[in-house]
Amino acid sequence: MTFDDFNFDDSLLEGLYSMGYKKPTPIQEQAIPVILKNKDLIACAQTGTGKTAAYLLPIIHHILKAPTRHLNTLIIAPTRELILQIDQQIDGMGYFCSVGSIAIYGGNDGMTWEKQKHALREGVDIVCATPGRLIALLQNGDINFEHLQHLVLDEADRMLDMGFFDDIKSIINYLPKKRQTILFSATMPPKIRMLANQIANEPEQINIAISKPAAGIVQQVYIVYDSQKESLVKLILKNKDFQSVIIFSSTKDNVKLLERTLRQVDGSVKAFHSDLEQVEREEIMRDFKAKKIRVLIGTDILSRGIDVDGISLVINYNAPPDPEDYIHRIGRTARAEKAGVAITLVNERDQIKLSKIEDLMGFEVARMPIPSDLGPGPEYNPAANKKEFSNFKSNKKSSNYFSKSKPKHK
Ligand code: AMP
């Protein structure tokens with residue numbers, strides 16, 4: 001199948017070919033015809049599958065075929081980074097046609113706020129917004145969805161995780177009942193199905209390779225003690241073949257600590273976390289995309305929707321709590337069929353998380369030998385470690401815990 005098969009408007013085809021898209025991805029092959037037919041859609045697809053273009057292309061096509069002076073499409077997504085990326089994709093695809101969009105998210109100054117309100121009054125085709133900011137606009141009467149035709153909820157599961165369920169339901173009360181509703185989610189927990197049933201009308205359903213990481217990712221695991229992690233990461237970063245690296249760590253305090261440590265080996269290391277101002281976050285993201293920053297360290301805020309091409313390595317400094325988050329994190333590399341490496345550092349406590357990740361994926365990730373300078377790592381025995389750590393939780397005074405889990409090489 002090629003993009004020509006969809007009979008898109010010529011100016012739209014020109015835009016997507018100029019972005020380097022040669023053929024549709026599987027989610028695009030399945031979702032585009034449904035959206036072109038104006039049917040409601042619930043699609044289970046992760047970032048990295050080409051899901052954004054899967055809904056943007058048919059919607060832009062609809063807009064070009066029947067231009068109006070009214071706000072036509074509302075796209076709601078969880079984070080400002082994702083909103084900005086969606087807006088950039090609209091700019092790219094719509095480069096040769098006249099489709100106007102606006103990105104609305106929190107954390108802006110008063111000037112930007114005024115500009116957004118002005119643009120809304122003048123009329124745009126597509127509004128991309130985070131739920132919180134959108135509610136404020138709706139409550140002030142600054143935005144009118146009377147003529148809305150398409151509603152897209154992108155990364156719906158993440159929005160619910162972030163506590164936006166009620167906001168989304170109240171936003172929907174402001175929208176016309178007759179509209180096309182499109183919901184994209186990386187996972188389909190019961191709460192998402194319930195939401196989908198409430199807001200969509202006889203939706204078609206598409207499931208794209210749920211919980212399977214992209215085929216081009218080389219996955220590796222090091223079973224290590226916490227005390228070995230820093231030195232190991234420094235060694236890994238010495239390999240200059242890894243030109244663009246993301247490191248995920250569990251909390252923003254750990255991210256900041258790791259930034260200070262890794263600066264010793266690479267001056268361009270940057271931390272990305274929610275304490276930074278929006279402008280700083282945008283600048284870091286720009287520099288990372290432009291390859292001025294080689295190593296970016298962040299929490300899971302980085303794992304969803306960050307669309308940077310050519311990331312050669314993802315390091316999980318710790319195993320993520322939720323196996324689905326692992327898929328999202330490593331999905332930052334090997335995007336759109338390119339190759340990439342994902343390395344996960346697993347201490348004794350995280351071994352049980354690794355076994356859940358492997359259960360979800362249905363295969364075992366390659367275990368890498370620890371460089372001899374760092375001494376031997378712990379045994380891999382998730383069941384025994386699980387027992388030990390849950391005992392530790394219930395009896396923190398247990399002296400056994402410390403003696404047993406001390407690094408053997410020390
Ligand atoms: P997404 O899943 O929407 O986050 O998209 C992942 C990446 O794939 C983005 O960088 C897109 O620009 C890119 N992409 C989307 N569709 C295609 C396509 N058909 N061919 C090549 N790259 C694509």
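**Notes on the predicted model: a covered strand, its sheet and some salt bridges**

1. Let's start with strand S13, where Gly340, Ala342, Thr344 and Val346 point one way while Val341, Ile343 and Leu345 point the other way, and all of them are buried. S13 runs over residues 340-346, and seven of its seven residues are buried. Keep in mind as you read on that this is a predicted model.

2. What are the partners of S13? On one hand there is S8, which pairs with S13 in the parallel sense over seven bridges. On the other there is strand S12 (residues 313-316), also paired with S13 in the parallel sense, over four bridges. If you want a spot to click on, try Val341 in S13: Val218 stands opposite Val341, and Val341 is also the bridge partner of Leu313.

3. Now zoom out to the sheet. It is an open one of seven strands with parallel pairing, in the order S10-S11-S9-S12-S13-S8-S14. The edges are strand S10 (270-272) and strand S14 (366-367); each has a single partner strand, so one side of each is left without a neighbour in the sheet. At the S14 end, strand S8 (residues 217-223) pairs with S14 in the parallel sense over two bridges, and Gln220 stands opposite Ala366 in S14.

4. Which helix packs on the sheet at S9, S10 and S11? Helix H12 (residues 278-289) does, touching strand S9 (245-248), S10 and strand S11 (295-298). The direction of H12 makes about 125° with that of S10.

5. On to the charged pairs: the whole structure has 14 salt bridges. One of them joins the side chains of Asp9 and Lys65, at 3.5 Å from N to O. Asp9 sits in the segment before helix H1 (10-18) and Lys65 in helix H3 (residues 51-65), so this pair ties together parts that are 56 residues apart in sequence. The two ends have unlike surroundings: Asp9 is buried at 18% relative accessible area, whereas Lys65 counts as exposed at 53%. For Asp9, the call rests on the cut-off, because buried means under 20% relative accessible area.

6. Another pair worth a look is Asp266 with Arg294, whose closest N and O atoms are 3.0 Å apart. Asp266 is in the loop between helix H11 (252-262) and S10, and Arg294 is in the loop between H12 and S11, so the salt bridge ties together parts that are 28 residues apart in sequence. Are these two residues buried or exposed? Both Asp266 and Arg294 are buried.

7. Two further salt-bridge items. Glu259 forms one with Arg263, with the closest N and O atoms 3.1 Å apart. Here Glu259 counts as buried at 15% relative accessibility, and Arg263 is partly exposed at 37%. Separately, Lys51, Asp154 and Glu155 are linked in a network of salt bridges.

8. Back in H3, have a look at His62, which lies in that helix and counts as buried at 17% relative accessibility. What does His62 contact, leaving aside its neighbours within four places in sequence? The contacts are Ile35, Leu36, Asn38 and His150.

9. Helix H4 (residues 80-93) has 14 residues and reaches 20 Å from its first C-alpha to its last, close to the 20 Å expected at 1.5 Å a residue. How many of the 14 residues in H4 are buried? Ten are, so the helix is mostly covered. Among the buried ones are Leu82, Ile83, Ile86, Ile90 and Met93, along with Glu81 and Asp87.

10. Past the end of H4 comes Gly94, in the loop between H4 and strand S3 (101-104). Gly94 counts as buried, at 9% relative accessibility. Gly94 and Ile60 are 34 residues apart in sequence, yet 7.6 Å apart in space, C-alpha to C-alpha.

11. Finally, the chain as a whole. It has 16 helices and 14 strands, and 55% of its 410 residues count as buried. Among contacts with a separation of 6 or more, 77% are between residues 24 or more positions apart. The accessible surface comes to about 18,800 Å², and 49% of that belongs to carbon and sulfur atoms.

Terms used
Residues numbered from 1 in each chain as written. Predicted model: local features only at pLDDT ≥ 70, side-chain atom pairs only at ≥ 80, totals over all residues. Heavy atoms only, no water. Pairing = 2+ DSSP bridges. Contact = heavy atoms within 4.5 Å. Axes fitted to C-alpha atoms, helices over the stretch in contact; angles between N-to-C directions. Salt bridge = Lys/Arg side-chain N within 4 Å of Asp/Glu carboxyl O. Buried < 20%, exposed > 50% of the residue type's maximum accessible area, 1.4 Å probe, protein only. Expected span 1.5 Å × (residues − 1). Areas by Shrake-Rupley, 256 points an atom, 1.4 Å probe, with all protein chains shown as cover.
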